[in-house]
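Take a look at the chain below. This report covers how some of its helices pack and where its pockets lie.

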Amino acid sequence: MDRLKDKVAIVFGAGPNIGGTIAHFLAREGAKVCVTDVKEEAANAAAEFIRERGWEATSLAGDARNDGDVQRIVAQTVERYGRLDIVVNMAGRVHWADVLDMKLDDWHDSVGSFATAGLLTTQHSARAMLACGARGSIIHLLSTAAHFGEADGAAYCAAKAALLNFARSAAMDLAHH
């Protein structure tokens, strides 16, 4: 249960579902966890759930698509805990629609959100890890949709495929660290 003792993690998009569960399991393994979500109440609920079980968690609201928010979240986490070892990016906006009915704003929101959150969480987290000497992990949650098309899922599938290839390229850029 202490495989992550003395490690610090941030989970972007840690609402009550998958992201919140990931944050819970990281804390259960001993990590100090900062849970974030675009909705303050979702981040607070996830952190409170973890603290009620006796583990360390804090919450910060912010949009993983916003450079200033991601920079602030990473900086405040490092300021509070002294380091950063693990980052999980669960952030992104999903819009389901038939390709003939897809609204351009929804397309941009979905496709841009996953790739942009991937870039920003990776950039700021990697810089913080390098600064504190951590040989950390940056994890982007994908889906089979990154590999296969789905009916009514053109935006989601394109977004996940973009995130997959972003993660591959970022891994090659950061591997030597």
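What follows covers two helix pairs, then two pockets.

The model is predicted.

**Helix α4 against helix α5**

Start with helix α4, residues 104-132. Its partner here is helix α5, residues 154-174. Their axes lie 8 Å apart, and the packing angle is about 20°. Angles under 35 degrees count as roughly parallel, so α4 runs roughly parallel to α5. The crossing of α4 past α5 is right-handed.

Which residues of α4 meet α5? They are W107, S110, V111, F114, A115, G118, L119, T122 and A126. On the α5 side, the contact is made by A154, A155, Y156, A158, A159, K160, A162, L163, F166, A170 and L174. By class, this contact has 16 nonpolar residues, three polar and one charged.

**Helix α3 against helix α4**

Helix α4 also packs with helix α3, residues 67-81. The two axes come within 9 Å and cross at roughly 30°. The cut-off of 35 degrees applies again, so α3 is roughly parallel to α4. The crossing of α3 past α4 is right-handed.

From α3, the residues in contact are D67, V70, Q71, V74 and V78. They meet L120, T121, H124, S125 and A128 in α4. The classes here are five nonpolar, four polar and one charged.

**The pockets**

Rolling a probe the size of a water molecule over the atoms shows where empty space is left. The table sets out two pockets.

| Pocket | Volume | Lining residues | Lining by class |
|---|---|---|---|
| Largest pocket | about 610 Å³ | 28 residues | 13 nonpolar, nine polar, six charged |
| Second largest pocket | about 320 Å³ | 16 residues | ten nonpolar, five polar, one charged |

The largest pocket has a volume of about 610 Å³. Which of its lining residues are the closest to its centre? They are G13, D37, M90, A91 and G92. Several elements share in this lining: α1 (18-28), β2 (32-37), α4 and α5 each supply at least two residues.

The second largest pocket has a volume of about 320 Å³. Of its lining residues, G136, S137, I138, L174 and A175 are the closest to its centre. Here α4, β5 (137-140) and α5 each give at least two residues to the lining.

Two helices link these parts of the picture. Both α4 and α5 supply residues to the lining of the largest pocket, and they do so for the second largest pocket too. L174 in α5 also takes part in the contact with α4.

Conventions: Residues are numbered from 1 along each chain as its sequence is written. This is a predicted model: local features need pLDDT of at least 70, side-chain atom pairs count only at pLDDT 80 or more; totals for chains, interfaces and linings use all residues. Side-chain values use heavy atoms; hydrogens and water are left out. Axes are lines fitted to C-alpha atoms, for helices over the stretch in contact, and angles run from 0 to 180 degrees between N-to-C directions. Helices (H or I, at least four residues) and strands (E, at least two) are DSSP runs, numbered from the N terminus. Angles under 35 degrees count as roughly parallel, over 145 as roughly antiparallel, 65 to 115 as roughly perpendicular and the rest as oblique. A crossing is left-handed if the near helix is turned anticlockwise from the far one by less than a right angle, and right-handed if clockwise. Contact means heavy atoms within 4.5 Å. Ala, Val, Leu, Ile, Met, Phe, Trp, Tyr, Cys and Pro count as nonpolar, Asp, Glu, Lys and Arg as charged, and the others, Gly among them, as polar. On a 1 Å grid over the protein atoms alone, a cavity is a set of points where a 1.4 Å probe fits but cannot get out, and a pocket is an open set with protein on both sides within 12 Å along at least five of seven lines; lining residues have an atom within 4 Å of a point. Grid points are joined across faces, edges and corners, and a volume is the space filled by probe spheres set on the points.
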